[in-house]
Amino acid sequence: MTLPFFFDFNLSELVKHPVFADQPDYRAMQVWQQVYTKLKFDPMQINNVPLELRRKMKDAFDFEPVTVAQKVSGEGNQAEKIAFNLSDGAKIETVLMRYTERNTICISTQVGCGMGCVFCATGQMGFTRNLETAEIVGQVMYFAKILREEGSALTNIVIMGMGEPFVNYDAVLKSIDILNDPDGFQFGERRITISTVGIVPMIEKFTLAKRQINLAVSLHAPTNAIRDKILPINKTYPIEKLLIACNDYAKYTKRRISFEYALIDGVNDSLEDATQLAHLLKGMLCHVNLIPLNPTRNYGGKGTKSDHVKAFYSTLTRAGIPCSIRISRGVEIGAGCGQLVNKA
Ligand code: SAH
Ligand code: SF4
């Protein structure tokens with residue numbers, strides 16, 4: 001019999017679980033706090049509750065939705081990629097990036113992805129399934145514990161790993177709620193960023209939810225002609241519709257939106273493209289992240305050379321568009337943006 005994953009439950013669901021039926025009201029809360037503040041993922045270690053209950057929990061919940069299959073570290077340990085096994089044998093990848101004052105993890109939300117962006121290794125493998133809430137929370141708990149044991153802490157979560165989070169909206173939002181629970185992990189929405197390829201109705205839904213989570217949108221082109229070729233979703237939600245949704249988001253939430261722009265040599269990186277991009281974004285509360293494209297096996301395009309990246313950057317900046325150049329960490333270990341795959 002397969003057991004339900006502990007990390008699938010939010011606190012109000014946990015309270016109603018049958019293992020707590022004959023227990024005082026505060027018991028589920030005690031367990032919740034031990035799991036999410038002390039990071040005890042073996043119920044036998046939750047030693048402020050009766051032994052009998054610890055045994056029952058051991059038989060009632062699975063605390064390991066993700067288990068380490070492989071670890072790869074990049075130069076100077078700055079990026080570390082973990083391949084996790086899931087209970088059905090599927091694999092996902094999660095990346096930890098260590099900076100001087102931050103530890104950021106990049107987590108996955110699906111096995112594969114059905115959006116088919118041509119330059120993305122995850123897109124190239126196609127869609128297998130959505131991750132469950134527990135599999136998303138489990139990735140975070142794994143790294144939270146590793147960092148805690150090192151005397152450090154997780155500071156940021158970017159939902160930019162494998163998969164399109166807005167195709168798995170409910171599980172993603174429930175995971176965030178579990179991670180932010182004030183009696184538990186208390187992570188804080190402002191330290192979480194969701195990146196979407198631009199599923200317009202879900203951006204609208206997210207806007208209305210008025211969350212404090214940061215939103216990033218993968219724009220990558222200033223015209224439909226270019227975007228159609230690299231992001232097939234553009235045929236369903238073209239740039240003009242996408243930008244209306246983004247503008248509404250910025251206006252309604254008063255939160256700055258980030259646009260991701262992977263610079264591909266000769267495809268979307270002319271200075272005319274930069275000027276057109278500036279024109280599109282003029283007046284919006286936004287920021288552009290320029291990322292030279294990382295190599296993937298099934299796409300021949302090359303990342304823009306650094307001098308030209310700077311010229312593109314200057315063109316945008318001069319036109320009044322706030323932007324920055326992001327260099328992917330972990331490219332040498334296949335842990336950079338868009339390089340995550342389900343390798344056996
Ligand atoms: N599905 C979401 C989040 C995961 S991808 C999305 O597409 O936004 C995270 C980011 O990596 C996206 O901006 C995506 O366009 C970008 N990306 C994908 N492949 C890349 C590559 N080869 N080089 C650089 N960025 C890439
Ligand atoms: Fe999916 Fe994002 Fe990759 Fe596109 S870039 S295929 S949406 S993971």
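**Figure 1. The shell around ligand 2 is made up of five nonpolar, three polar and one charged residue.** In this tally Ala, Val, Leu, Ile, Met, Phe, Trp, Tyr, Cys and Pro are nonpolar, Asp, Glu, Lys and Arg are charged, and the others, including Gly, are polar. You are looking at a predicted model, in which local features need pLDDT of at least 70, side-chain atom pairs count only at pLDDT 80 or more, and totals for chains, interfaces and linings use all residues. Residues are numbered from 1 along each chain as its sequence is written, chains are lettered from A and ligands numbered from 1 in the order in which they are written, and side-chain values use heavy atoms, with hydrogens and water left out. To find the shell, start with Cys-113, Met-115, Gly-116, Cys-117 and Cys-120, then go on to Gly-123, Gly-163, Glu-164 and Val-197. Each of these has a heavy atom within 4 Å of the ligand.

**Figure 2. Ligand 1 is surrounded by 17 residues.** Which of them come nearest? Look for Gly-163, Ser-195, Ser-218, His-220 and Asn-294. Gly-163 also belongs to the surroundings of ligand 2. By class, the shell around ligand 1 holds six nonpolar, nine polar and two charged residues.

**Figure 3. Polar contacts link ligand 1 to Phe-119, Thr-196 and Ser-218.** A polar contact is a pair of N or O atoms within 3.5 Å; within protein, one atom must be able to donate a hydrogen and the other to accept it, and sequence neighbours count only through two side-chain atoms. Ser-218 uses a polar side-chain atom, 2.6 Å from an oxygen atom of ligand 1. Phe-119 takes part through its backbone, where a polar atom is 2.9 Å from a nitrogen atom of the ligand. Thr-196 also contributes a backbone N or O atom, at 3.5 Å from an oxygen atom of ligand 1. Taken on its own, ligand 1 has 520 Å² of accessible area, and the protein covers 96% of it (Shrake-Rupley method, 1.4 Å probe).

**Figure 4. His-220 and Leu-39 both have positive phi values without being glycine.** His-220, one of the residues nearest to ligand 1, has a phi of about 65°. This histidine lies in the loop between β9 (214-218) and α8 (224-230). Here helices are DSSP runs of H or I with at least four residues, strands are runs of E with at least two, and both are numbered from the N terminus. At 6% relative accessibility, His-220 is buried; that word means under 20%, exposed means over 50%, and partly exposed is in between (1.4 Å probe, protein chains only). Leu-39 has a phi near 55° and sits in the loop between α2 (27-37) and α3 (51-60). Is Leu-39 buried or exposed? Leu-39 is buried, with a relative accessible area of 2%.

**Figure 5. The largest cavity has a lining of eight nonpolar residues, one polar residue and no charged ones.** A cavity is a set of points, on a 1 Å grid over the protein atoms alone, where a 1.4 Å probe fits but cannot get out; lining residues have an atom within 4 Å of a point. The residues to pick out are Ile-107, Ile-136, Ile-157, Ile-159, Val-172, Ser-175, Ile-176, Leu-179 and Ile-192. Two elements, β7 (156-159) and α6 (169-180), each give two or more residues to this lining. The largest share, four residues, comes from α6.

**Figure 6. His-287 and Thr-304 both make polar contacts through their side chains.** His-287 is placed in strand β11 (residues 286-292) and is buried at 14% relative accessible area. Its side chain meets that of Ser-324 at 2.8 Å. Thr-304 lies in the loop between β11 and α11 (306-318), and is buried at 6% relative accessibility. A polar atom of the Thr-304 side chain is 3.5 Å from the backbone nitrogen of Ile-264.

**Figure 7. Ser-108 is buried, whereas Lys-16 is exposed.** Ser-108, with 0% relative accessibility, is in the loop between β4 (103-106) and β5 (110-112). How far apart are Ser-108 and Glu-164 in sequence and in space? They are separated by 56 residues in sequence and by 8.6 Å from C-alpha to C-alpha. Glu-164 is one of the residues around ligand 2. Lys-16 has a relative accessible area of 67% and belongs to the loop between α1 (11-15) and α2. Between Lys-16 and Ala-28 the separation is 12 residues in sequence and 8.7 Å, again C-alpha to C-alpha.

Notes:
On a 1 Å grid over the protein atoms alone, a cavity is a set of points where a 1.4 Å probe fits but cannot get out, and a pocket is an open set with protein on both sides within 12 Å along at least five of seven lines; lining residues have an atom within 4 Å of a point.
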